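Here is a short report on one protein model. Please look over the sequence and the fold before reading on.

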Amino acid sequence: MSYEAIAGHITAVGRGLEAPLIALLDGVIFPTNYRISKVSVYLAVKAALAAAPQHEAEEYRQLQTDRCEELLFALQPGIRAGSPSHVSSAVKVLQHQADLHGLLAEDTNPVQQAFQITINLGDVADEDDAIPLPPPDDSEG
């Protein structure tokens with residue numbers, strides 16, 4: 001189930017509209033008009049995994065990796081067709097997958113980020129001949 005589907009089910013159980021998939025613990029009472037968001041469900045799962053034994057976290061990581069692979073496979077036709085939204089979605093999936101495996105490096109200086117702007121003057125035949133601009137000077141605040 002997606003986090004959104006889980007949140008919808010828990011909300012419905014809390015409001016008495018659906019039966020729980022597993023028995024609730026004794027004494028569990030939901031407030032009137034109870035609602036939980038998919039973000040809250042995600043954070044609860046993340047906290048539970050942090051407290052879980054490592055092998056359970058690894059199983060979850062593998063499940064998420066498999067889901068990422070399925071998503072990338074589903075995006076392939078749009079990527080091949082050159083759809084910017086499909087490419088953007090694929091990049092997000094790959095970033096999530098890299099995060100799952102601890103492959104994203106933390107930015108040690110998030111204030112200073114270098115970038116390059118290529119200016120096409122119309123008469124430049126090769127992109128290698130383009131003139132890159134230096135990163136902005138952040139000292140002027």
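## Elements and overall figures

Helices and strands here are DSSP runs numbered from the N terminus, with at least four residues for a helix and at least two for a strand. The model is predicted. The protein has 4 helices and 0 strands. From the N terminus, the order reads α-α-α-α. Met1 sits in the segment before H1.

The protein has 141 residues, and 17% of them count as buried. Its accessible surface comes to about 11,200 Å². Carbon and sulfur atoms account for 58% of that surface. Among contacts with a separation of 6 or more, 40% join residues 24 or more positions apart.

## The nonpolar core

The largest nonpolar core has 6 residues: Cys68, Leu72, Leu75, Ala90, Val93 and Leu100. Two helices each supply at least two residues of this core: H3 (54-80) and H4 (84-100).

Leu72 is one of the core residues. Which residues does Leu72 contact, leaving aside neighbours within four places in sequence? They are Ala90, Val93, Leu94 and Gln97. Of these partners, Ala90 and Val93 also belong to the core.

## Aromatic pairs

The structure holds 2 aromatic pairs. One of them joins Tyr3 and Tyr42, with ring centres 5.5 Å apart. Their planes meet at 80°, so this pair is edge-to-face; the cut-off for that class is over 60 degrees.

Tyr3 lies in helix H1 (residues 3-14), and Tyr42 lies in helix H2 (residues 38-51). The pair therefore ties together parts that are 39 residues apart in sequence. Tyr3 is partly exposed, at 22% relative accessible area. Tyr42 is partly exposed too, at 32%.

## The salt bridge

The structure holds 1 salt bridge. Arg61 pairs with Glu58, and their closest N and O atoms are 2.6 Å apart. Side chains of opposite charge can pair when their charged atoms come close.

Both residues belong to helix H3. They are 3 residues apart, so about one helical turn separates them. Is Arg61 buried or partly exposed? Arg61 is partly exposed, with a relative accessible area of 21%; the buried class needs under 20%. Glu58 is also partly exposed, at 36% relative accessibility.

## Surface patch

Met1, Leu21 and Ile22 form a nonpolar patch on the surface. Together they have about 390 Å² of accessible area. Met1 itself counts as exposed, at 57% relative accessibility.

## Loop and tail residues

Asn33 is found in the loop between H1 and H2. Asn33 is not a glycine, yet its phi is positive, at about 55°. Asn33 is exposed, with a relative accessible area of 60%.

Leu104 lies in the segment after H4. What does Leu104 touch, not counting residues up to four places away in sequence? Its partners are Gln95, Ala98 and Asp99. Leu104 is partly exposed, with a relative accessible area of 47%.

## In brief

Helices H3 and H4 each supply at least two residues of the largest nonpolar core. The Tyr3 and Tyr42 pair ties helix H1 to helix H2. The salt bridge between Arg61 and Glu58 lies in helix H3.

Technical notes. Residues numbered from 1 in each chain as written. Predicted model: local features only at pLDDT ≥ 70, side-chain atom pairs only at ≥ 80, totals over all residues. Heavy atoms only, no water. Core = buried A, V, L, I, M, F, W, Y, C linked by side-chain atoms within 4.5 Å. Buried < 20%, exposed > 50% of the residue type's maximum accessible area, 1.4 Å probe, protein only. Contact = heavy atoms within 4.5 Å. Phe/Tyr/Trp six-rings, centres within 6.5 Å; stacked < 30°, edge-to-face > 60°. Patch = residues over 30% accessible without salt bridge, like charges linked within 9 Å, V, L, I, M, F, W, Y side chains within 5 Å. Areas by Shrake-Rupley, 256 points an atom, 1.4 Å probe, with all protein chains shown as cover. Salt bridge = Lys/Arg side-chain N within 4 Å of Asp/Glu carboxyl O.
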